[in-house]
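Good morning, colleagues. Please look at the sequence and the structure as they appear, and I shall then take you through the chains.

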Amino acid sequence: MSRAGRQVPEEMLTLDGVSKVYRVGTFGGKSLVAVNDVSFNVGDSEVVSLIGESGSGKTTIGKMILHLTSISSGAIRFNGVDVSRLNGGARKEYYRHVQGVFQDPFSSYNPIFKADRIFRTIREEFFPKIDSHEWNEKIDSSMRAVGLNPDEVLNKFPHQLSGGQLQRFLIARALLLDVQFLVADEIISMLDASTRVGVLNLLAELKSRGLSILFITHDLSLGYYISQKSVILYRGCVVEMGPTEQVYHHPLHPYTKMLMACVPRLGMKWECGEIEVTNPKVKQPDLSSGCAYYDRCPVAGNKRDCSTSPSLVEVEPGHFVACWRQTKQES
Amino acid sequence: MRRYFGRKLLIYAITFVLAVTVDWAIPRFMPGNPVEILIARAGLKAESAKLIYSYYMKAFGLNVPIWRQYLNFWIALFHGDLGVSLWLFPQPVMKIIKQAVPYDILLLLPAILLSWLAGNKFGAYAARSKWLDNTISPLAYILQATPYMWLGMLLAWLCGVRLHLLPFSGAYSNAMMPSFSWSFVWSLLQHWILPFASLFIVQFGGWAIGMRNMIIYELEADYSHYLEALGAPRKLVRSYAFHNALLPQITGLALQLGAIVGGALATEIVFSYPGIGFLILQAIQNHDYFLLQGSCLFIIIGVLLANFLIDLAYVLVDPRTRVGMQGEG
Amino acid sequence: MAQPRKQNEALYFMRRNAKLQIGVVIVFLFIILALVGPLLTKYQPRDYVAPGAQPPSSEFWFGTTSFGEDVFTQFVYGLRSTFLVGIVGGGLGTLIGILIGFTAGYRGGIVDEVLNMLTNIVLVVPSLVVLLIVAAYLEVRGLVFESVYIALFSWPWAARAIRAQTFSLRSRDFVDLGRLSGMKPLKIIFTEIAPNMMSYLLLTFILQFGGAILTAATLDFIGLGPTEGMSLGLMMNNATTYSAIMLHMWWWFIPPGLAITAIVGSLYITNVGLDEVFNPKLREM
Amino acid sequence: MSLQVKDLTVYYQTLRGEVHALESTTFGIADGEIMGLAGESGCGKTTLGQSLIFLHPPMKLIKGGVTLDNKQLPIGNMERMNNFRFKKVSIIPQYAMNAMNPTRKIGKMVADLLKSRNVDFKSLLPELKRRLDLVKLSYDVLDMYPIELSGGMKQRMVMVLSTMLNPSLLIADEITSALDVSSQKAVSEMLVQFRDRGYCKSVIVITHDISVLYQIADTILIMYAGQLAEKAPTDVIVHSSQHPYTKMLISTLPEVGVRYVDKQLAGIPGGPPLLLKPPVGCRFRERCPLAFEKCLEKPPFVETEKGHFVACWKAGA
C-alpha cells in the first residue's frame, strides 16, 4: 500500500505499513481503525518525535512497539527482526533492548509498594544470578546517569517522591538493562514546568550517548526542542514526516500548518481568523475512502480529488507528505 | 437498541434453556430407574402406585433415544404440560400451579414495588442528615440481614398469637369459600397483611441502604458540584441526584428478584399461604418431584420475564442506553 | 511490605470506627460461642433430655423442644454449621469469583465477553429455585455439599465486582511496566494486581459469607438442608412444623433467627466500617 | 476595581492538619480585565478560584474578604453566597466535560437551573440561541443529552451556560488543558469574545499554560506555594518580570524555535514546600538563587511600577 515503507532503508526500528484495528461491540461486531498503515523508522542514536492530538493513535503505536498490544497488519522490525513474532524468551530478550516510560508517573508505580521495587523486578527477571554488590553498583551508576541521588530516593514510597523524580527513576530502570531504544510516551506532560525541562534534557543527554528514542507528544514545542525527525499523525495516519526543522518551518500538509498556527507561543500572538471548531457527530470517520482530514481541510479540492487516501510522497529529501495538493503540484 | 435487547434476550434464552435442561436431566441421569425411585419415595398405595407407574413410564418415554426424550420434554412444556402430580394424583401440575399463582401475585407484586419505592425514599432521606443516617442506616442493615422466615415467625407470634390482632395461617378464613363478597375480601386482606409485612420490611432495608450509598455518590458527582457552584437550591441538586441514583436501583431490582422469590417461598411456608412456595413445601414433603419441578420451572420463567420487563423500563428512564444504542446501531 | 503510612492510617481509622468494632465484637462472640458452646453442654442436639416444651430455666438455658430436646444444645451445634457454611460457601464463592473476575478483567476481549455472559446468566437464575430442584432429588445431603452448591450460585456478585476492579487496575501503567519487565500474566495478577485489591477481596468475602449463611438458612428452613446434623435453619423448620408459634414456644424459634440476624447484620456493619476505613472518600460522611 | 480580594486566607482541613493552601492574598481585578492565574500544580490557583464562588469543606475560610462591584461577597457563608453565585460570580469548572447531568436533556437542565434561580427560561431563549451561534453550536444541542456531544462541544455548552446571567466575574478553571491545540485556540478566543460582548465583566483564567495566557490575558498573576508572587500586565510578566520565580518559570518553557542542540533550557532545581507546615518567610526561598537573610521574613506584595506587583525583597532593587 504505502510507498514510504519501501523507500526508506532498514534502520534500528522500522515500522512497515502498521495498522491497528480494534474490534468493538458485542463479540467484536464492529471495527475501529486506530492506526492506519503507518510507516517510519528510527535510526541509531536518533530522537524521533511522534506528534498527534488525542485520538491520533500515537500511544497505540508506542504500545505496539513495546509489544503491549498486538499489530493488526504490517510489521515492526527491530534490527531486522519482526517484533510481533517474538514470544517467551525472545520477547524478554527484546525487552532487554527496548523499554518504555509512560505519561503518568504515579500510575507507573504500584502504590502499595516502595518505588525501588521496579528495580527488584528487573533483577528477578533479567539478572537472577547477579550478586548483591555488583547489583548495587549497577543501580548506583544508572541512578547517577539520570541525576538522582540514591540516598534521597531509595526506600521511599511513590507518593513520597515528586513526578520528576519518578520519571527519572523509570528511566534509570531502563538503563539497568542494555537498552538501545526507548519509547517515551508523553513522559513529561504531567510534570510541572519547573521540572519537565530537566527530564527533557536528560533524554537528550542519553541520546547523545547512543540511545534511540521515540518521543511521543502532543506538544509541538517539546518535539521541536529535542528531536531530529518529526512524524505528524492525524486520525491514525501519518500526514507528514521529515527532519524536524523542515516540518516545523516549511509545513506542507494543511493539518500541520493548522497545528503550527494554533500552538500558543510566548511572544507571538495568534493570528485572528475565523474561529474554527469541529462539531463531530460521528467520532470515527470511515477511513477506507478518502483523506482523513477532508472534512476539516481548508484547501480540500472537490470531493473526487480527495476521495482516495493520499499516500506519503517525498517532496524534498527525507520530507514526506500525504496530501493530494502536494502531489498534484509535483506532477 | 436492537443490539442491546438482542444481547439481553440471548442471555435470557440461554438461561431458560439451561434451567429446563437441568430440570429434565436431573432425574434421568441419576442412577437407577427414575420413575421407580420417584414412586418408591412418594410412598403411595400399591394400587395407585401401579397406575402412576404406567403413566410416568409413558411420560418419561424411556424407550426412545435420549434426544427424543429431551425433545418430547420441550414439546410438552410448550403445551403447558408439566406432568401429573403425585401428591394430588391425577391432577395435572399445571392446574395446581394455576390455582396458586394468584396468591403469589397478590403477595409479591405489592411487596416488591412498595418496598422498593419506600426504601428508596427513606434511603434518600437518610443521606440527608447525620441524625437520620445514624438511626435508619444501622436499622436497615439489620433488616437486610434478617431471614424472611424468622421475621415472619416473629410477626406471627407477636401479632397473631400474643396480641390476637391478625390471622397468621392460610390466605383466608377456613370457614369461607372463595367468593366476591366483602367479608371474603376482608378476610383475604387480613390474612395478607402479615406475610406482606415480613416481605416488605426485609426488602425495605436493602433498598434503603442501596439508595443511601448511591445518592451520596451522586451528590459528590461533578454535575452536582457544578449546580451547587451556580447556586442551585438543594432541592434541584437532590432531585437530580435522586433520579440518577434510582437507575442502578432499577437494575438492582432485576438482580435481586431471584433472592426475593426465595424469601417469598420461605414466608409462604411460615404463614401456610397457598402460593407456589407452599406448594413446593408440600411437594418436598410428599416427594412429589413433578410438582416441585413444575413449580420451579414456573418461577424461573416468571423471574426471567420480570427481568425483561425491568430491562424495558430501564431503557425508558435512562437516556444514555438509548443514545448509546443509536450510536452503535 | 504494605505501605507504612497507609497501614498506620488504616489502623488509626479502625480504632476509631465504631461500626467496625461493634460488628467484629458481635461476630467474635458468636464464633466463640460456636467453638466452646458444645463443650458447655453434655447433650447431643437430638437427645431426649427432659419432658418437652419447657421454657428456659437454669438447667435448660434455652428451654426444650416439643420432643424434649435441649434448645441450647441445638443452638450451639447449629451455630457451628452456620459458620461452616459461611466459611466454606462464602470462601468458595469468593474464590470462584476471584478466578473468573481476574481472568475476565485481565484478559479482556472475547474471554471477557464469554465469562461476562456466563456471570449474567447465573446472576438472573433464581438460584434458590435451581437449588431446590437439585437438592430435592438427592437422598443424602451433607453440610459441605450444601456450602458448595450455594457457592456455585453466589459467585457472580463477587466476579462482577472483582472484574471491574481488575479492569481498572489493568489499565494502570504499572501493569504494562510489569509486562515490560518480562513478568508472566499470572505473576502480574498475583504480585501487581491482587495486592492492590486485598481490602476489596476481604469486603467481598464478608458479603459472600453473610449471603451464604442466609441462603443456607432458607434452604434448611424449606427442608432441603443437610440430612444429617443440626442447623439454625432446621431449628426454625422444626419449630414451624411442630407449631411452636401456636404453642407459645418462643424460645424454640427466637434464638436461631436472632443469631442469624445478629451475625449477618454484624458482618454487614463490619463491612461498612471496613469500607470507611479503606475508602477515604466515605470517611467524612 | 471590579474585584478586590483582601488578605484572603483559606486552609484545607485534613486529618493530618491544616494545609495552608492560600495565604494572605490581596489583589484586584479591573472591570473588563482578563487575568491569567498561573502556577505549578498545588500552588493554590484552583483553591483561589473555588474560594471566590464555592468555598466548601474541606476548604475553610480563615480570614480575609472579597468585594465585587463594591459589595462584600459572603464567600464563607454557603447560603448567603447563593444570591451571588451564577448571577454575579460564575465558574467554568475544570471538569466541564462532566458538569452536566447525564440523564437530562441539556435544554431541560438549563431551564431547571434558570427556573430555580427565578429567571424565566423562555425570555432568555433568544439570547441563549445567539450565544450558541457564537460558540458554533447548533440549537439541536438543547434537545440532546450530554453524551451525544463531544468533549469540546460540552466545554462550549458549559461556557454558554455559566455566563447566561452576565456575571461580573467569571472564573475559568483549566478550560483549555484537556483540549487539542485547535480547540484550545477556539475556546480561548471565544472567552475573549465573551468578555468583549459583555457576557462577563472580568475573567480569571486559571491555567498552568502561560503560553495560552499570553494569547488572551490582559494581566497575569503568578502564584507559588499558596502565596502570590507577581502580578503584572501580560507582556511585562513574559518579558520583564521581577520575581525570580517568574523569571525562572518563563525561562523553562520550551517553544517552537528553541532546540536542545542550540540552547539548553534549565529547570528550577528542587520542589515546592509542603503546605502542611509551610516554611516561614518567602516560600520560594529554598529554590531561589537570590535568597538572603531577609527572605526569612515574608516579603509584601507591593506595587513596584504601575500595575506591577511583586512579592520579593530583591524586586526593583
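Chains C and D are not joined by any contact, and their closest C-alpha atoms lie 9 Å apart. By contact I mean that the C-beta atoms of two residues, placed from the backbone, lie within 7 Å. Please bear in mind that this is a predicted model, in which local features need pLDDT of at least 70 and side-chain atom pairs count only at pLDDT 80 or more, while totals for chains, interfaces and linings use all residues. Residues are numbered from 1 along each chain as its sequence is written, and chains are lettered from A and ligands numbered from 1 in the order in which they are written.

Which chains share the most contacts? Among the five pairs of chains that touch, that pair is B and C. Here 46 residues of chain B are in contact with 39 residues of chain C. On the side of chain B, the elements giving two or more residues include α1 (2-29), α10 (234-270) and α12 (289-317). By class, that side of chain B has 37 nonpolar, eight polar and one charged residues. In this classification Ala, Val, Leu, Ile, Met, Phe, Trp, Tyr, Cys and Pro count as nonpolar, Asp, Glu, Lys and Arg as charged, and the others, Gly among them, as polar.

Let us take chain B by itself. Chain B has 13 helices and zero strands; helices (H or I, at least four residues) and strands (E, at least two) are DSSP runs, numbered from the N terminus. The C-alpha atoms of chain B fill a box of roughly 80 × 60 × 40 Å, taken along the principal axes.

One helix of chain B deserves attention. Helix α8 of chain B, residues 182-219, has 38 residues, yet its end C-alpha atoms are only 49 Å apart, where a straight helix would reach 56 Å. That expected span is 1.5 Å times one less than the number of residues. At Ile193(B), α8(B) bends by about 35°, and a proline, Pro195(B), follows within four residues. The bend is the angle between axes fitted to the seven residues ending there and the seven starting there.

Next, a pair of helices in chain B. The axes of α10(B) and α11(B) cross at roughly 75° and come within 7 Å. Such axes are lines fitted to C-alpha atoms, for helices over the stretch in contact, and angles run from 0 to 180 degrees between N-to-C directions. These two helices, α10(B) and α11(B), are therefore roughly perpendicular to each other; angles under 35 degrees count as roughly parallel, over 145 as roughly antiparallel, 65 to 115 as roughly perpendicular and the rest as oblique. Among the residues making the contact are Glu268(B) of α10(B) and Phe278(B) of α11(B).

Chain C has twelve helices and zero strands. Its C-alpha atoms fill a box of roughly 75 × 45 × 30 Å along the principal axes. Within chain C, helix α3 (residues 71-107) and helix α11 (residues 250-278) pack at an angle of about 25°, their axes 10 Å apart. That makes α3(C) roughly parallel to α11(C). Their contact comprises ten nonpolar, two polar and no charged residues.

Finally, two local details. In chain D, a cis peptide bond joins Pro57(D) and Pro58(D), with omega about 5°. Pro58(D) lies in the loop between α1 (45-51) and β4 (59-68) of chain D. In chain A, Asp37(A) has a positive phi of about 55° although it is not a glycine. Asp37(A) lies in strand β2 (residues 30-42) of chain A.
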